[in-house]
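Visitor: I'm new to this structure and would like a close look at one part of it. Could you take me to the place where the ligand sits, and then show me what lies around it in the chain?

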Amino acid sequence: MTPGSRDARSDGASFDVVIVGAGFAGLYQLHRLRDLGFSVRVFEAGGGVGGTWYWNRYPGARCDIESVDYSYSFSPELEQEWTWTERYAAQPEILSYLEHVADRFDLRRDIQFDTRIASAHFDEATGRWALETEAGESVSATYCVMATGCLSSTKVPEVPGVDAFAGPTFHTGRWPHEPVDFTGQRVGVIGTGSSAIQSIPHIARQAESVVIFQRTPNFSVPAWNHPLDPEYVAEVKASYPERRELCRQSQAGFPITGEPGTAREASEEERAEQFGEKWQEGGLRFLGAFADLLIDPEANDAASEFLRSKIRERVEDPEVAALLSPSAYPCGTKRLCVDIGYYETFNRDNVTLVDIRSAPIEEITKTGVVTAAATYEFDTLVFATGFDAMTGALSSIDIVGTGGRSLKEKWQEGPRSYLGLAVAEFPNLFLITGPGSPSVLSNMVVSIEQHVDWITDCLVHLRTADLGRIEATEEAEEEWVTLVAAVADFTLFPRANSWYIGANVEGKPRVFMPYIGGVNTYRAQCDEIAANDYAGFSLGA
Ligand code: N01
């Protein structure tokens, strides 16, 4: 079908499809649907494309999936013409890539920037979504695709006086576009997650002094980042079709060859050797050391102890090393961090680690931070305090479905979806990498492409069949929610107070949100559902 069919409708205010967000997901979704003749408008709160990579401009920000795999696979030409320069690309390079994609596929003309969607209501009478921007502009669409990102709704520390500080305050997830100069500054950093672990070494090299307030230490593995050898890049480019397929058919969306054995069956020496090898490979590959590492507590204990031994090697002061060593949760059940010189930063004279587990922050004042044990004065504060992950961006939009109930209300006890793609009571609404899909437990680009392709095929199917409505059934949703929880319970993941489970946001229900079944299994499940006449969905005119 081509433009001019029942769905190719656009008069400037009504579209076949409205997409919210112009990051990796929104850009590709626009490209696919527009190519197929759908009228599409993207709304983006930021002033440019990039999503996560537009906002997270803090020093040291880079991906933790190798660049050659953290990229689109849909265009062989794009794959060949773009050349990544480092093993793990830094934020400016990833943002340039996405800007290049926007230009190359002429996407900007259908994106409205600096526009935040405030509400999206399904109108039962017309069978369409009515959306309103924060500025009061109204548009309507047959389908609405939320490409709002899993880690886009930032979270500031819930401590008294959070707005009281008189000096500059920066959140890593909303970093200014201009460079921030910390020279001569006394800087306080709250948080020790991935964003802190990436930014602290940079801040410490510039600032006069840095005090890091740590509530929970994280496990981190070195990135061993390096410039990419042109010969390696050429090899990757020559083998991209097979490499991409390996990613799609993998558990986590990046290429791994060979089946790891189990730590349970390995001897002490074999374990040490395997951990050592994986450590030397660097990054998230460490978690692939043994097949049972995230399932068997004993296997995990061995891996956790190996990582703690590395902290002791890297940090000179044994007391600081002990404080930086996680012991309250199994490694990998909070997102494993990938660092460049994080632990070594604590060997610097101008860096101090403060344990706020034993002496919590009581107040942020005009001049600094007061804990139960001491008062600290700063010129600048950095909040590396993370996100209201997976549901925050969706809950901040007033999304109302058929029953007059908002998505936020429906998700009060935790997110419920079918495949992390669709929600009962919310017809014609699609979530890209929503809760209930592999999303944050995978290479996001692989998962995004899979969702976009699935949604696109679905919309083409509806158009071809002259249908205009699709909705997940309550039963299918219930079954999927049960499956997601059961798979999580089979692993060690629920043992950590992580953002995967909503533990980082006060009052957020504790529901394990991503689907751990693996991108390979999940893809097969989605494909089977589509092939089976969209089993679990009700389709209508
Ligand atoms: O956020 P986080 P992030 N008082 O939630 C602390 C991805 N990412 O932005 O653990 C004191 O991990 C909090 O302490 P606790 C990646 O998936 C990827 O760093 O709640 N402290 C924690 O230490 C990652 O997992 C990359 O006890 C408070 C920190 O703040 C996800 O984004 C780079 C506090 C928040 O850590 C989020 O990472 C960056 C309070 N009131 C991010 N509130 C790559 O490498 C929170 N904290 C690609």
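Guide: Here is a walk through the ligand site, followed by the rest of the chain. A quick word first: this is a predicted model, where local features need pLDDT of at least 70, side-chain atom pairs count only at pLDDT 80 or more, and totals for chains, interfaces and linings use all residues. Residues are numbered from 1 along each chain as its sequence is written, and side-chain values use heavy atoms, with hydrogens and water left out.

Let's start with the shell. The ligand is surrounded by 26 residues, where being near means having a heavy atom within 4 Å of it. The closest are Glu-158, Thr-192, Ser-195, Arg-215 and Thr-216. Sorted by class, the shell holds nine nonpolar, nine polar and eight charged residues. Here Ala, Val, Leu, Ile, Met, Phe, Trp, Tyr, Cys and Pro count as nonpolar, Asp, Glu, Lys and Arg as charged, and the others, Gly among them, as polar. Helix H5, residues 194-206, gives the most to this shell, with three residues. Helices (H or I, at least four residues) and strands (E, at least two) are DSSP runs numbered from the N terminus.

Now for the polar contacts, meaning pairs of N or O atoms within 3.5 Å. Glu-158 puts a polar side-chain atom 2.9 Å from a nitrogen atom of the ligand. Ser-194 uses a polar backbone atom, 2.9 Å from an oxygen atom of the ligand. Lys-334 has a side-chain N or O atom that is also 2.9 Å from an oxygen atom of the ligand. Taken alone, the ligand exposes 900 Å², and the protein buries 90% of that; the areas come from the Shrake-Rupley method with a 1.4 Å probe.

Stepping back, the chain has 16 helices and 20 strands. One open sheet has five strands in the order E7-E16-E8-E9-E12, with parallel pairing; two strands pair if DSSP finds at least two bridges between them. At its edges are E7 (169-171) and E12 (351-355), each pairing on one side only. E7 is joined to E16 (residues 380-383) by three bridges, and Thr-169 has Leu-381 in E16 as its bridge partner.

Another open sheet has three strands, E13-E14-E15, and is antiparallel. E13 (361-364) and E15 (375-377) each have a single partner strand, so one side of each is left without a neighbour in the sheet. Three bridges join E13 to E14 (residues 368-371), and Glu-363 is partnered with Val-370 in E14.

As for the whole chain, its C-alpha trace spans about 70 × 55 × 45 Å along the principal axes.

How values were computed
A polar contact is a pair of N or O atoms within 3.5 Å; within protein, one must be able to donate a hydrogen and the other to accept it, and residues adjacent in sequence count only if both atoms are side-chain atoms.
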